[in-house]
Amino acid sequence: MLCVLTMVLGQFISNVATVLVVIPIAVAISQSLDVSVQPFMMALTVAGAAAFLTPVATPANLMVMQPGGYQFGDDGRLGLPLMFVYLAVAVLYVPLIWPF
């Protein structure tokens, strides 16, 4: 759920700001579960980079939107499947590399 929250917030604000907002929540969860904070931080890093549904959070996408003739919803067609890939990496593979 923490990764999904990060991905949703990342569509509207920058990925760095999103991760910085969610870090205290992740640290509190890891402390309450008495596990390592490292997998939480790495999962947030992966999930924070998944700003693919809107061009708002990624300046490069916003800059090429007008010259490329893209519409606001064009990012979602490729962005949604790519977000599921990022979610799978964050939830499934990060704990394998950085165990709790």
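Here are a few worked exercises on the structure shown above.

This is a predicted model, where local features need pLDDT of at least 70, side-chain atom pairs count only at pLDDT 80 or more, and totals for chains, interfaces and linings use all residues. Numbering starts from 1 along each chain as its sequence is written, and side-chain values use heavy atoms, with hydrogens and water left out.

**Exercise 1. Work out what the chain is built from and how its elements run.**

Step 1: count the elements. You'll get 5 helices and 0 strands, taking helices (H or I, at least four residues) and strands (E, at least two) as DSSP runs numbered from the N terminus.

Step 2: put them in order. From the N terminus the run is α-α-α-α-α.

Step 3: check the annotated stretch. An unreviewed UniProt entry carries the annotation "domain: Citrate transporter-like" for residues 1–96; such positions are given in the numbering used here, feature names are shortened, and annotations may be inferred rather than shown by experiment. That stretch is 74% helix and 0% strand, with its end C-alpha atoms 18 Å apart.

**Exercise 2. Describe the overall dimensions, surface and contacts of the chain.**

Step 1: take the C-alpha trace, which spans about 50 × 25 × 15 Å along its principal axes.

Step 2: look at the outside. The accessible surface is about 6,200 Å², and carbon and sulfur atoms hold 74% of that (Shrake-Rupley method with a 1.4 Å probe; for residues, only the protein chains shown count as cover).

Step 3: look inside. Of the 100 residues, 28% are buried (under 20% relative accessible area; exposed is over 50%, partly exposed in between, 1.4 Å probe, protein chains only).

Step 4: sort the contacts (heavy atoms within 4.5 Å). Among those with a separation of 6 or more, 62% join residues 24 or more positions apart.

**Exercise 3. Find the salt bridge and place it in the chain.**

Step 1: search the whole structure, and 1 salt bridge turns up (a side-chain nitrogen of Lys or Arg within 4 Å of a carboxyl oxygen of Asp or Glu).

Step 2: name the partners. They're Asp-74 and Arg-77, at 2.7 Å from N to O.

Step 3: place them. Both sit in helix H5 (residues 74–97), 3 residues apart, or about one turn of the helix.

Step 4: check exposure. Asp-74 is partly exposed at 24%, while Arg-77 is exposed at 64%.

**Exercise 4. Track down the aromatic pairs and say which parts of the chain they join.**

Step 1: count them. There are 2 aromatic pairs (rings of Phe, Tyr and Trp, its six-membered ring, with centres within 6.5 Å; planes under 30 degrees apart are stacked, over 60 edge-to-face, the rest tilted).

Step 2: take Phe-40 and Phe-100. Their ring centres are 5.6 Å apart and the planes meet at 70°, so this pair is edge-to-face. Phe-40 is in helix H3 (residues 38–48) and Phe-100 in the segment after H5, so the pair ties together parts 60 residues apart in sequence. Phe-40 is buried at 14% relative accessibility, but Phe-100 is exposed at 53%.

Step 3: take Phe-52 and Tyr-86. With centres 5.1 Å apart and planes at 75°, they're edge-to-face as well. Phe-52 lies in the loop between H3 and helix H4 (59–68) and Tyr-86 in helix H5, 34 residues apart. Tyr-86 is partly exposed at 27%.
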